[in-house]
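Colleague: I'd like a close look at the interior of this one, please. Take me through what is packed in there, then work outwards to whatever else stands out.

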Amino acid sequence: MKIDILTLFPNMFTGFLNESIIKRAIDKKLVEVNLYNFRDYTDDLHGHVDDTPYGGGAGMVLRCQPIFDCLDKIRTPDSFVIMLTPEGKIFNQKMAYELKDKKHLIFICGHYEGFDERIKSLCDMFISIGDFVVTGGELPCMLVSDAIIRLLDGAITKKSLENESFNDNLLDYPTYTKPRIFRGMEVPSVLINGDHKKIEEFRNSERLKKTKELRPDLLEDKND
Ligand SMILES: C[S@@+](CC[C@H](N)C(=O)[O-])C[C@H]1O[C@@H](n2cnc3c(N)ncnc32)[C@H](O)[C@@H]1O
(Lines give C-alpha, C1' and ligand atoms only; values in the text may rest on other atoms or scores of the structure.)
Protein backbone atom coordinates (compact mmCIF):
# COMPACT_ATOMS: atom_id res chain seq x y z
CA MET A 1 0.00 0.00 0.00
CA LYS A 2 1.08 3.56 -0.65
CA ILE A 3 -0.08 6.44 1.55
CA ASP A 4 0.52 10.04 0.47
CA ILE A 5 -0.24 12.78 2.98
CA LEU A 6 -0.79 16.42 2.05
CA THR A 7 0.05 18.62 5.01
CA LEU A 8 1.49 22.01 5.90
CA PHE A 9 3.22 20.46 8.92
CA PRO A 10 5.15 17.35 7.79
CA ASN A 11 7.37 17.44 10.90
CA MET A 12 4.37 16.50 13.01
CA PHE A 13 4.60 13.00 11.49
CA THR A 14 8.22 12.37 12.52
CA GLY A 15 7.48 10.45 15.71
CA PHE A 16 4.52 8.64 14.22
CA LEU A 17 6.50 7.27 11.26
CA ASN A 18 9.64 6.43 13.22
CA GLU A 19 8.40 4.38 16.14
CA SER A 20 6.88 1.00 16.91
CA ILE A 21 4.57 -0.93 14.58
CA ILE A 22 4.27 1.80 11.96
CA LYS A 23 8.05 2.06 11.59
CA ARG A 24 8.32 -1.72 11.32
CA ALA A 25 5.57 -1.86 8.68
CA ILE A 26 7.48 0.76 6.66
CA ASP A 27 10.80 -1.07 7.13
CA LYS A 28 9.17 -4.33 6.00
CA LYS A 29 7.83 -2.46 2.93
CA LEU A 30 4.23 -3.30 3.78
CA VAL A 31 3.48 0.38 3.31
CA GLU A 32 5.22 3.37 1.77
CA VAL A 33 4.35 6.73 3.32
CA ASN A 34 5.17 10.03 1.59
CA LEU A 35 4.64 13.50 2.99
CA TYR A 36 3.82 16.39 0.65
CA ASN A 37 3.94 19.92 1.97
CA PHE A 38 1.41 21.58 -0.30
CA ARG A 39 3.07 24.93 0.42
CA ASP A 40 5.72 23.69 -2.06
CA TYR A 41 3.02 23.75 -4.76
CA THR A 42 1.69 27.28 -4.25
CA ASP A 43 1.94 29.78 -7.09
CA ASP A 44 1.89 32.64 -4.57
CA LEU A 45 5.16 34.60 -4.59
CA HIS A 46 5.13 34.83 -0.79
CA GLY A 47 4.38 31.14 -0.32
CA HIS A 48 0.84 31.68 0.94
CA VAL A 49 -1.55 28.74 0.79
CA ASP A 50 -4.54 30.46 2.36
CA ASP A 51 -6.58 33.62 2.02
CA THR A 52 -9.43 35.50 3.69
CA PRO A 53 -12.94 34.07 3.30
CA TYR A 54 -15.32 35.54 0.71
CA GLY A 55 -18.20 37.18 2.55
CA GLY A 56 -16.02 37.99 5.54
CA GLY A 57 -15.66 36.15 8.81
CA ALA A 58 -12.92 34.79 11.01
CA GLY A 59 -9.80 32.87 10.02
CA MET A 60 -8.02 31.96 6.83
CA VAL A 61 -9.25 29.48 4.24
CA LEU A 62 -7.00 27.01 2.38
CA ARG A 63 -6.87 27.94 -1.30
CA CYS A 64 -7.70 25.52 -4.10
CA GLN A 65 -4.60 26.01 -6.26
CA PRO A 66 -1.83 24.40 -4.13
CA ILE A 67 -3.92 21.35 -3.28
CA PHE A 68 -5.25 20.86 -6.83
CA ASP A 69 -1.73 21.19 -8.29
CA CYS A 70 -0.24 18.79 -5.74
CA LEU A 71 -2.94 16.20 -6.44
CA ASP A 72 -2.46 16.61 -10.21
CA LYS A 73 1.13 15.44 -9.66
CA ILE A 74 0.54 12.45 -7.39
CA ARG A 75 -2.92 11.11 -8.23
CA THR A 76 -3.22 7.94 -10.35
CA PRO A 77 -6.25 5.81 -11.36
CA ASP A 78 -5.57 3.69 -8.21
CA SER A 79 -5.75 6.65 -5.83
CA PHE A 80 -8.46 7.03 -3.22
CA VAL A 81 -8.52 10.57 -1.83
CA ILE A 82 -9.65 11.25 1.72
CA MET A 83 -10.24 14.62 3.32
CA LEU A 84 -9.94 14.85 7.12
CA THR A 85 -12.78 17.07 8.21
CA PRO A 86 -15.21 17.39 11.13
CA GLU A 87 -17.99 17.12 8.52
CA GLY A 88 -16.91 13.61 7.52
CA LYS A 89 -18.24 10.20 8.48
CA ILE A 90 -17.04 9.28 11.95
CA PHE A 91 -14.18 6.81 11.60
CA ASN A 92 -14.53 3.25 12.90
CA GLN A 93 -12.89 -0.17 12.65
CA LYS A 94 -15.16 -1.28 9.79
CA MET A 95 -13.92 1.65 7.71
CA ALA A 96 -10.31 0.76 8.63
CA TYR A 97 -10.86 -2.78 7.28
CA GLU A 98 -12.40 -1.41 4.06
CA LEU A 99 -9.56 1.06 3.50
CA LYS A 100 -6.76 -1.43 4.13
CA ASP A 101 -7.50 -3.02 0.74
CA LYS A 102 -6.93 0.19 -1.23
CA LYS A 103 -3.69 0.39 -3.20
CA HIS A 104 -3.09 4.10 -2.82
CA LEU A 105 -4.56 6.39 -0.17
CA ILE A 106 -4.13 10.14 -0.31
CA PHE A 107 -5.00 12.08 2.84
CA ILE A 108 -5.57 15.84 2.77
CA CYS A 109 -4.99 17.53 6.13
CA GLY A 110 -6.65 20.89 6.64
CA HIS A 111 -5.60 23.70 8.95
CA TYR A 112 -6.76 27.17 10.01
CA GLU A 113 -10.46 27.75 9.16
CA GLY A 114 -10.50 24.73 6.83
CA PHE A 115 -10.77 24.20 3.07
CA ASP A 116 -12.19 26.15 0.18
CA GLU A 117 -15.39 24.15 -0.45
CA ARG A 118 -14.31 23.38 -4.04
CA ILE A 119 -11.42 21.22 -2.80
CA LYS A 120 -14.05 18.65 -1.84
CA SER A 121 -14.59 17.89 -5.53
CA LEU A 122 -11.18 16.13 -5.45
CA CYS A 123 -12.14 13.70 -2.71
CA ASP A 124 -13.63 10.21 -2.66
CA MET A 125 -14.33 10.17 1.07
CA PHE A 126 -14.59 12.50 4.07
CA ILE A 127 -13.50 11.28 7.51
CA SER A 128 -14.00 12.78 10.94
CA ILE A 129 -12.43 11.42 14.12
CA GLY A 130 -15.35 12.55 16.27
CA ASP A 131 -17.63 15.41 17.17
CA PHE A 132 -14.94 17.83 18.26
CA VAL A 133 -12.59 20.19 16.46
CA VAL A 134 -8.80 19.88 16.54
CA THR A 135 -6.28 22.34 15.16
CA GLY A 136 -5.42 20.47 11.99
CA GLY A 137 -5.91 17.28 10.01
CA GLU A 138 -2.51 15.87 11.04
CA LEU A 139 -3.58 14.11 14.24
CA PRO A 140 -6.75 12.74 12.62
CA CYS A 141 -4.63 11.51 9.69
CA MET A 142 -2.22 9.74 12.05
CA LEU A 143 -5.08 8.06 13.90
CA VAL A 144 -6.78 6.87 10.75
CA SER A 145 -3.62 5.69 9.00
CA ASP A 146 -2.39 3.93 12.16
CA ALA A 147 -5.67 1.99 12.37
CA ILE A 148 -5.27 0.98 8.71
CA ILE A 149 -1.55 0.15 8.68
CA ARG A 150 -1.73 -2.19 11.67
CA LEU A 151 -4.31 -4.27 9.74
CA LEU A 152 -1.98 -4.86 6.77
CA ASP A 153 -0.85 -8.48 6.44
CA GLY A 154 2.40 -8.90 8.38
CA ALA A 155 2.17 -5.68 10.43
CA ILE A 156 1.12 -7.56 13.57
CA THR A 157 0.27 -11.21 14.13
CA LYS A 158 -3.07 -12.46 12.78
CA LYS A 159 -3.80 -13.83 16.26
CA SER A 160 -3.57 -10.34 17.78
CA LEU A 161 -6.26 -9.08 15.40
CA GLU A 162 -8.65 -11.98 16.02
CA ASN A 163 -10.49 -10.91 19.16
CA GLU A 164 -9.85 -7.21 19.03
CA SER A 165 -12.43 -4.73 20.13
CA PHE A 166 -15.11 -4.05 17.50
CA ASN A 167 -14.66 -7.39 15.70
CA ASP A 168 -18.15 -8.97 15.74
CA ASN A 169 -19.36 -5.69 17.29
CA LEU A 170 -17.91 -6.73 20.64
CA LEU A 171 -15.24 -5.26 22.90
CA ASP A 172 -12.09 -7.25 23.70
CA TYR A 173 -12.00 -9.68 26.65
CA PRO A 174 -10.13 -8.68 29.84
CA THR A 175 -6.46 -9.65 29.98
CA TYR A 176 -4.10 -10.26 32.90
CA THR A 177 -0.42 -11.02 33.40
CA LYS A 178 1.86 -11.97 36.30
CA PRO A 179 1.69 -11.75 39.28
CA ARG A 180 -1.40 -13.84 39.99
CA ILE A 181 -2.32 -11.66 42.98
CA PHE A 182 -1.55 -7.94 43.01
CA ARG A 183 -2.55 -5.81 46.02
CA GLY A 184 -5.29 -8.29 46.85
CA MET A 185 -6.68 -8.41 43.29
CA GLU A 186 -6.69 -11.94 41.89
CA VAL A 187 -6.57 -13.17 38.30
CA PRO A 188 -9.78 -15.20 37.56
CA SER A 189 -8.97 -18.84 38.36
CA VAL A 190 -10.37 -20.11 35.04
CA LEU A 191 -7.35 -18.53 33.31
CA ILE A 192 -4.88 -20.47 35.44
CA ASN A 193 -6.23 -24.02 35.08
CA GLY A 194 -5.08 -24.64 31.47
CA ASP A 195 -8.54 -25.76 30.26
CA HIS A 196 -8.62 -24.04 26.87
CA LYS A 197 -12.30 -24.71 26.20
CA LYS A 198 -13.28 -23.11 29.52
CA ILE A 199 -10.90 -20.20 28.90
CA GLU A 200 -12.51 -19.57 25.52
CA GLU A 201 -16.03 -19.73 27.03
CA PHE A 202 -14.98 -17.32 29.80
CA ARG A 203 -13.47 -14.88 27.32
CA ASN A 204 -16.51 -14.98 25.02
CA SER A 205 -18.90 -14.37 27.88
CA GLU A 206 -16.71 -11.54 29.22
CA ARG A 207 -16.67 -9.90 25.80
CA LEU A 208 -20.46 -9.93 25.73
CA LYS A 209 -20.79 -8.79 29.36
CA LYS A 210 -18.34 -5.92 28.90
CA THR A 211 -20.00 -4.77 25.68
CA LYS A 212 -23.48 -4.84 27.29
CA GLU A 213 -22.15 -2.79 30.18
CA LEU A 214 -19.94 -0.29 28.37
CA ARG A 215 -21.10 -0.11 24.74
CA PRO A 216 -24.65 -1.47 24.33
CA ASP A 217 -24.91 0.56 21.11
CA LEU A 218 -22.49 -1.90 19.46
CA LEU A 219 -24.90 -4.78 20.12
CA GLU A 220 -27.73 -2.83 18.54
CA ASP A 221 -25.59 -2.45 15.39
CA LYS A 222 -24.99 -6.22 15.43
CA ASN A 223 -28.71 -6.85 15.10
CA ASP A 224 -29.07 -4.50 12.11
C1 LIG B 1 -9.63 24.12 13.00
S2 LIG B 1 -10.15 22.86 11.92
C3 LIG B 1 -11.39 23.68 10.94
C4 LIG B 1 -12.73 23.53 11.55
C5 LIG B 1 -13.85 24.09 10.66
N6 LIG B 1 -13.80 25.51 10.61
C7 LIG B 1 -15.17 23.64 11.26
O8 LIG B 1 -15.70 24.32 12.14
O9 LIG B 1 -15.66 22.57 10.86
C10 LIG B 1 -8.82 22.71 10.81
C11 LIG B 1 -8.67 21.34 10.18
O12 LIG B 1 -8.50 20.37 11.18
C13 LIG B 1 -9.00 19.11 10.74
N14 LIG B 1 -9.97 18.62 11.73
C15 LIG B 1 -10.42 19.28 12.81
N16 LIG B 1 -11.27 18.54 13.53
C17 LIG B 1 -11.37 17.35 12.89
C18 LIG B 1 -12.11 16.16 13.14
N19 LIG B 1 -12.94 16.04 14.17
N20 LIG B 1 -11.95 15.14 12.27
C21 LIG B 1 -11.14 15.24 11.20
N22 LIG B 1 -10.42 16.35 10.91
C23 LIG B 1 -10.54 17.40 11.74
C24 LIG B 1 -9.62 19.35 9.35
O25 LIG B 1 -8.67 18.96 8.37
C26 LIG B 1 -9.84 20.85 9.36
O27 LIG B 1 -9.85 21.39 8.06
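**Inside and out**

Modeller: Let's start with burial: 21% of the chain's 224 residues count as buried. Bear in mind that this is a predicted model, so everything here is computed from it. The chain has 8 helices and 9 strands. Its radius of gyration is 22 Å, well over the 17 Å that the globule rule gives for 224 residues, so the chain is more spread out than a compact globule. The C-alpha atoms fill a box of roughly 70 × 40 × 35 Å along the principal axes.

Now for the interior you asked about. In soluble globular proteins, nonpolar side chains tend to be buried together. Here the largest nonpolar core has 32 residues, and L6, I67, F107 and I108 are the ones touching the most other members. Several elements feed into this core with at least two residues each: strand 1 (2–7), strand 4 (61–62), strand 5 and strand 6 (104–109) on the strand side, plus helix 2 (20–27), helix 3 (64–74) and helix 5 (138–149). I67 is a handy place to zoom in. Setting aside neighbours within four places in sequence, I67 is in contact with L6, F38, L62, I108 and I119. Two of those partners, L6 and I108, are themselves among the residues that touch the most other core members. Contacts between distant parts of the sequence show up across the whole chain too: of the contacts with a separation of 6 or more, 76% are between residues 24 or more positions apart.

Helix 5 deserves a stop of its own. Its 12 residues should span 16 Å at 1.5 Å a residue, and its end C-alpha atoms are 16 Å apart, so the two agree. The buried residues of helix 5 are E138, P140, C141, M142, V144, S145, I148 and I149. P140 turns up again around the ligand, as one of the closest residues, along with L84, G110, G114 and G137. In total, 19 residues surround the ligand. By class, that shell holds 9 nonpolar, 9 polar and 1 charged residues. Strand 5 (79–90) gives the shell its largest share, with 3 residues, and strand 5 is also one of the elements supplying the core.

From there, have a look at the loops. E113 sits in the one between strand 6 and strand 7 (125–128). E113 is partly exposed, since 15 other C-beta atoms lie within 10 Å. Not counting residues up to four places away in sequence, E113 touches P53, A58, G59, M60 and V61. By contrast, N18 is 95 residues from E113 along the chain, and their C-alpha atoms are separated by 30 Å.

Finally, some backbone oddities to click on. K29, in the loop between helix 2 and strand 2 (32–37), has a positive phi of about 65 degrees although it is not a glycine. K29 counts as exposed because just 8 other C-beta atoms lie within 10 Å, and the cut-off for exposed is 12 or fewer. F166 also has a positive phi without being a glycine, at about 85 degrees. F166 is partly exposed, with 17 C-beta neighbours inside 10 Å. Its place is the loop between helix 6 and strand 8. P179 lies in the loop between helix 6 (158–162) and strand 8 (181–182) as well, and a cis peptide bond joins K178 to P179, with omega about 5 degrees.

Methods:
Residues are numbered from 1 along each chain as its sequence is written. This is a predicted model: local features need pLDDT of at least 70, side-chain atom pairs count only at pLDDT 80 or more; totals for chains, interfaces and linings use all residues. A residue is near a molecule or strand if its C-beta atom, placed from the backbone, lies within 6 Å of it. Helices (H or I, at least four residues) and strands (E, at least two) are DSSP runs, numbered from the N terminus. Ala, Val, Leu, Ile, Met, Phe, Trp, Tyr, Cys and Pro count as nonpolar, Asp, Glu, Lys and Arg as charged, and the others, Gly among them, as polar. The radius of gyration is taken over C-alpha atoms; the globule rule is 2.2 Å times the number of residues to the power 0.38. A residue is buried if 20 or more other C-beta atoms lie within 10 Å of its own, exposed if 12 or fewer, and partly exposed in between; C-beta atoms are placed from the backbone. Two residues are in contact if their C-beta atoms, placed from the backbone, lie within 7 Å. A nonpolar core is a set of buried Ala, Val, Leu, Ile, Met, Phe, Trp, Tyr and Cys residues joined through C-beta atoms within 7 Å. The expected span of a helix is 1.5 Å times one less than its number of residues.
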